[in-house]
Amino acid sequence: MKITHARVIVCCPGRNFVTLKIETDEGLTGIGDATLNGRELAVASYLSEHVIPCLIGRDAHQIEDIWQYLYRGAYWRRGPVTMSAIAAVDTALWDIKAKAANMPLYQLLGGRSRTGVMVYGHANGRDISQTVEEVLRHKEMGYLAIRAQSGVPGLDKVYGVGKGTTFYEPADADLPGEHDWSSEKYLLHTPRLFEAVRQAVGPDTHLLHDVHHRLTPIEAARLGKSLEPFHLFWMEDATPAENQEAFRLIRQHTTTPLAVGEVFNTIWDCKDLIQNQLIDYIRTTVVHAGGITHLRRIADFAAMFQVRTGCHGATDLSPVCMGAALHFDTWVPNFGVQELMPHNELTNEVFAHAYSFDKGLMHCGETAGHGVEIDEKLAAKYPYQRAYLPVNRLAHDGTLTNW
Ligand code: KDG
Ligand code: MG
């Protein structure tokens with residue numbers, strides 16, 4: 001089965017998405033997500049200028065060979081732009097192969113390992129009481145796992161807190177907005193937040209929290225320790241992980257489980273973290289970590305060290321990524337949890353999908369392929385609009401810090 005055409009579709013049904021569509025001489029088509037928040041056109045251009053010309057005429061069934069061709073063959077390996085482009089090709093080819101087999105994608109990976117995929121939702125609030133309300137609302141909706149974030153007294157804009165409403169979309173301006181930060185204020189506030197949330201929600205609901213790369217290792221160790229009485233499912237991105245060794249210090253001080261990896265793009269970014277058992281959950285997902293082919297490699301390696309998966313699933317990962325991730329989650333033996341930040345209605349209209357939510361679990365559906373399609377005519381009505389993630393500055397002197 002030969003690849004005859006491939007094209008990149010960029011659209012903005014409320015937020016930007018980059019989608020690769022591959023067509024074959026047998027009439028089967030497949031799509032893959034290539035969205036890289038705030039850098040969408042870099043991936044679109046990498047695909048159009050440097051990848052698509054190399055795909056035409058290749059056998060669509062040779063997923064592994066094409067993956068190696070694009071990874072090793074570029075000479076310049078890794079990086080979010082390259083790996084998102086490779087992921088899009090890989091996802092589209094798995095979609096095609098599963099359609100050719102007339103099977104849902106998870107069957108090709110080895111079949112079902114669970115009845116459904118536990119997801120965590122986002123409970124965001126301006127303050128503790130609003131976050132508690134949101135946690136209870138999510139529990140009411142059936143969520144078994146809930147991430148809690150709140151505004152921090154004395155800080156104007158922080159990660160995870162929407163403007164006025166609880167809906168939160170971080171890429172919210174055509175030039176980067178500026179947030180402010182104080183680790184001291186945050187470290188005082190966050191244990192209070194979780195004390196209130198745990199008391200309100202009871203012992204059974206899994207609670208999660210995203211530090212979003214803001215603390216130093218010793219500050220993260222202090223936070224992890226102070227959250228132990230509230231037994232979190234995980235503390236995410238406690239410190240930047242460019243230096244994987246940094247997690248050793250956190251690990252030495254706390255039993256709060258650690259998750260990291262939404263910004264990683266290859267197995268090399270998490271090799272030391274996993275083999276030294278410095279983390280409990282690996283957050284890499286389909287679109288930013290080289291597609292199903294590479295994600296499976298990371299998960300198998302993680303399984304040897306009892307590290308479980310917790311795929312990133314914010315709204316900047318398109319429904320195509322979500323569909324593919326849910327097939328992966330349905331199969332992967334060392335599954336932990338899947339993030340769910342639901343897309344808006346318009347996005348769901350552009351990307352019709354087979355997946356669904358019921359009682360805290362997602363179901364990938366039984367449609368052949370990954371079960372997500374794009375309505376190109378509708379997508380064309382919503383052209384790209386430049387949008388950036390914010391930057392972060394220390395509240396007391398304006399020093400640029402991690403967002
Ligand atoms: O593009 C950035 C978002 O995907 C990220 O800020 C979301 O941290 C995030 C999460 O855990 O969902
Ligand atoms: Mg995160």
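1. A good place to start is with the aromatic side chains: searching the whole structure, which is a predicted model, turns up 13 aromatic pairs. One of them joins Y120 and W234, whose ring centres are 5.3 Å apart with planes at 80°, so this pair is edge-to-face. Y120 belongs to strand β4 (residues 117-125) and W234 to strand β8, so the pair ties together parts that are 114 residues apart in sequence. Y120 and W234 are both buried.

2. Have a look at F233 and Y281 as well. Their rings form a stacked pair, at 4.9 Å centre to centre and with 25° between the planes. This pair also links distant parts of the chain: F233 is in the loop between α7 (217-227) and β8, while Y281 is in strand β10 (residues 281-282), 48 residues apart. Both F233 and Y281 are buried.

3. How do these residues fit together? Y120, F233, W234 and Y281 form one aromatic cluster.

4. Now to the metal. Which residues are the protein donors of the magnesium ion (ligand 2)? They are D210 (OD), E236 (OE) and E262 (OE), and they lie 2.0 to 2.2 Å from the ion. Along the sequence, the donor residues follow the spacing D-x25-E-x25-E. E236 lies in strand β8 (residues 234-236), and E262 in the loop between β9 (258-260) and α9 (271-275), so the pair ties together parts that are 26 residues apart in sequence.

5. Are these two glutamates buried or exposed? E236 is buried, with a relative accessible area of 0%. E262 has 13% relative accessibility and also counts as buried, because the cut-off for buried is under 20%.

6. H209 deserves a point of its own. This histidine lies in strand β7 (residues 206-210), a range that also takes in the magnesium donor D210. H209 is buried, with a relative accessible area of 2%. Leaving aside residues up to four places away in sequence, H209 touches R147, A148, Q149, Y186, T190, F194, L232, W234, M235 and E236. That list includes W234, a member of the aromatic cluster, and E236, a donor of the magnesium ion.

7. One distance to check while you are there: H209 and H122 are 87 residues apart along the chain, and their C-alpha atoms are separated by 9.4 Å.

8. Finally, two arginines are worth displaying next to their aromatic partners. The charged end of R15 sits over the ring of F17, 5.8 Å from its centre. The charged end of R112 sits over the ring of Y106, 4.9 Å from its centre.

How values were computed: Residues are numbered from 1 along each chain as its sequence is written. Chains are lettered from A and ligands numbered from 1 in the order in which they are written. This is a predicted model: local features need pLDDT of at least 70, side-chain atom pairs count only at pLDDT 80 or more; totals for chains, interfaces and linings use all residues. Side-chain values use heavy atoms; hydrogens and water are left out. Donors are N, O and S atoms within 2.8 Å of the metal (3.2 Å for Na, K and Ca); water is not among the atoms, so sites may look incomplete. Helices (H or I, at least four residues) and strands (E, at least two) are DSSP runs, numbered from the N terminus. Buried means under 20% relative accessible area, exposed over 50%, partly exposed in between (1.4 Å probe, protein chains only). Contact means heavy atoms within 4.5 Å. Rings of Phe, Tyr and Trp (its six-membered ring) pair if their centres lie within 6.5 Å; planes under 30 degrees apart count as stacked, over 60 as edge-to-face and the rest as tilted. A charge sits over a ring if NZ of Lys or CZ of Arg is within 6 Å of the ring centre and within 35 degrees of the ring normal.
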